[in-house]
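Notebook open, model loaded. I want to go through the strands, then the charges, then a few odd backbone angles.

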Amino acid sequence: SALLDGRSASNDPENEAYRHLVVSACNYWHKSMPYMFEKILDFTELLMPEDLLSATSILTNLREVMTEEVCKDVEVIGWLYQFYISEKKDDVFAGLKKNQKITPENIPAATQLFTPHWIVRYLVENSLGRLWMLNRPQSKLAEQMEYYIKPEEPETDFIKISTPQELKICDPACGSGHMLTYAFDLLHSIYEEEGFDPKDIPEFILENNLTGIEIDERAGSLASFALAMKAAEKLGRRRFLRIETKPDICVLQNVSFEPSELQDIEAMVGRSLFTADLRATLTQFEQAKNFGSLIIPKLKDPQECLRVVAAKDLGSDMFRAKLRERLLTVLNMAEALSSKYHVVVANPPYLGGKGMNGPLGDYAKKQYPDSKSDLFAMFMERTLALAVKRGMMAMINMQSWMFLSSYENLRGKLLTHSTILSMAHLGERAFDSIGGAVVSTTAFVLKKSASLDSVGVFLRLVSGENEKEKSDLLLSAVSDVNHEMRFSVRSDTFERIPGKPIAYWASEA
């Protein structure tokens, strides 16, 4: 007010007062969403634009684009982020044409791809939705799942879930959180149907059900923000600000330890917990930003170590406090990457072996020999491993793994250890945002259990010319399948395991 009534000297009092309001608002929201709103201090205020109120300012342009109607759907966050990194993405791919390898810091820009909502719905409804319907055959949830494919015969081989809190869902390459936000919606309906108090449901979901893993700090912040906005939408602002649970988004960090620090770490965790697996795990995250969720922690169950280290009283020893902070970071990353999820859903990064930097390429050859040709294929193996036995993995990725000889061993491994429940073969032009026929894709759901009696449902959608046509074709094919318009045909897409029926094929024709 001093600026506006002239008591405080300023060349542009209105603009300066507005800057103070923006800073105050950011600092206010920092208390409840520190992952999204960093504390703005005196020196960072200097980085704010001088002109915030004129007709040509960045805020004016933002208001014109970010209308109230646009902001009603939280997925706008993902579209904004894809636009935000588009220029860097172009630079990275221009470098690839000159045979420049993609460095760890450029992997997010090279591999981030926002997933259209209809594909997200198909994946989540036929994994999380299917698992819940198996446990609650009388549930009304199917009525809101347009892309859900009903099992032809009653299933008996599935994970038994007693309450919604037991469900564990993970996106190991979560980006800005689109898969997780739709899973939030579906979970909210599940909790409501089970009779939970609506004011408790958002916190239950954030606390129990959803985990995202990401290498990009900004994308991870946006995923947390998107889930927080889902909770705020259900609760209202005042009640949302009172909940203490934060979204479980694990942003992987490069962490290393000196040999001289191991003795202090042993003292923190205790001799009985300072196992060979823990010592090996301490070395696995030195290139976490490069290897991402492909890291397979040697320590299979970090929870006891986490409990002991978090409760350790270090007094005023600042050195050991910093060491504990790094140790907790590694243990939390190992916990996120442990095999404990009922449903794992992802649109993984796509990056061929020729574009990988040296350490990533070497890691691929050593850890993923059957899928080393591309990151998306390695993520197929890794994502399936994150699921518990009989859990579900849902993914959209490049279609090349179905046909190329370089993925023959991968196909054999998948068909031997899992079951294809359904697949929507999209082909080209499923992503309008990346310029049409740039990438040929397939979306599918696997169960981590081989079944000789199971018959998958395959939907052929390659003729659609754009997202709208393909989403319409998918809805039509799902409707046909659910109304028993299935027919069995020979499929040459996969090597056939003797005695195993493989597909019903529903064509767009």
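**Entry 1: the strands**

In what sense do β6 and strand β7 pair, and over how many bridges? I looked it up: the sense is antiparallel, and seven bridges join β6 to β7 (residues 441-447). Worth writing down straight away that this is a predicted model.

For one concrete bridge in that pairing I picked G427, and its partner in β7 is T441.

Next I asked which way β6 runs relative to strand β8 (residues 456-460). These two run parallel, with four bridges between them. On that side I noted H425, which stands opposite R460 in β8.

Then the other pairing of β7. Strand β5 (residues 387-398) pairs with β7 in the antiparallel sense, over seven bridges. The example I kept is N397, whose bridge partner in β7 is T442.

So β7 has an antiparallel pairing with β6 and another with β5.

**Entry 2: how covered are they?**

Are the residues of β6 buried or exposed? I checked residues 419-427, and nine of the nine are buried, so β6 is largely enclosed by the rest of the structure.

β7 gives a full score as well: seven of its seven residues are buried, so the rest of the structure largely encloses this strand. I also split β7 by face. On one side sit T441, A443, V445 and K447, on the other T442, F444 and L446, and all of them are buried. I made a note of K447, a lysine listed among the buried residues of β7.

**Entry 3: salt bridges**

How many salt bridges does a search of the whole structure find? The search returns 19. I went through some of them.

R130 and E155 meet through their side chains at 2.2 Å, N to O. R130 is in helix α7 (residues 117-135) and E155 is in the loop between α7 and β1 (169-171), so I logged this as a link between distant parts of the chain, 25 residues apart. R130 counts as buried because its relative accessibility is 8%.

R326 and E261 form another salt bridge, 2.4 Å from N to O. R326 belongs to helix α16 (residues 318-336) and E261 to the loop between β3 (249-251) and α12, so the pair ties together parts 65 residues apart in sequence. The two partners fall into separate classes of cover: R326 is partly exposed at 27% relative accessible area, whereas E261 is buried at 7%.

D264 with R320 is a salt bridge at 4.0 Å, N to O. I checked where they sit: D264 is in helix α12 and R320 in helix α16, so this pair ties together parts that are 56 residues apart in sequence. D264 comes out as partly exposed, with 24% relative accessible area.

I also found a network rather than a lone pair: salt bridges link R121, E125 and E146.

**Entry 4: a patch of charge**

Which residues gather in a patch of positive charge on the surface? They are K101, K354, K365 and K372. I followed up K101, which lies in the loop between α5 (86-97) and α6 (107-111). Its relative accessibility is 43%, so K101 counts as partly exposed.

**Entry 5: A267**

Back to α12 for one more residue. A267 is found in this helix, which covers residues 262-269. Its relative accessible area is 43%, so A267 is partly exposed. I also took a C-alpha to C-alpha distance from A267 to V309: 9.7 Å in space, against 42 residues in sequence.

**Entry 6: backbone angles**

Last stop, phi. R390 has a phi near 70 degrees, which is a positive value in a residue other than glycine. R390 lies in strand β5, and at 28% relative accessibility R390 counts as partly exposed.

Where is R429 found? R429 is in the loop between β6 and β7. Phi of R429 is near 70 degrees too, again positive and again not a glycine.

Note on methods
Residues are numbered from 1 along each chain as its sequence is written. This is a predicted model: local features need pLDDT of at least 70, side-chain atom pairs count only at pLDDT 80 or more; totals for chains, interfaces and linings use all residues. Side-chain values use heavy atoms; hydrogens and water are left out. Buried means under 20% relative accessible area, exposed over 50%, partly exposed in between (1.4 Å probe, protein chains only). Two strands pair if DSSP finds at least two bridges between them. Patches are made of residues with over 30% relative accessible area and no salt bridge: like charges are joined within 9 Å, nonpolar side chains (Val, Leu, Ile, Met, Phe, Trp, Tyr) within 5 Å. Accessible areas come from the Shrake-Rupley method with a 1.4 Å probe; for residues, only the protein chains shown count as cover. Lys and Arg count as positive and Asp and Glu as negative; His and the chain ends are not counted. The place of a charge is taken as NZ of Lys, CZ of Arg, CG of Asp or CD of Glu.
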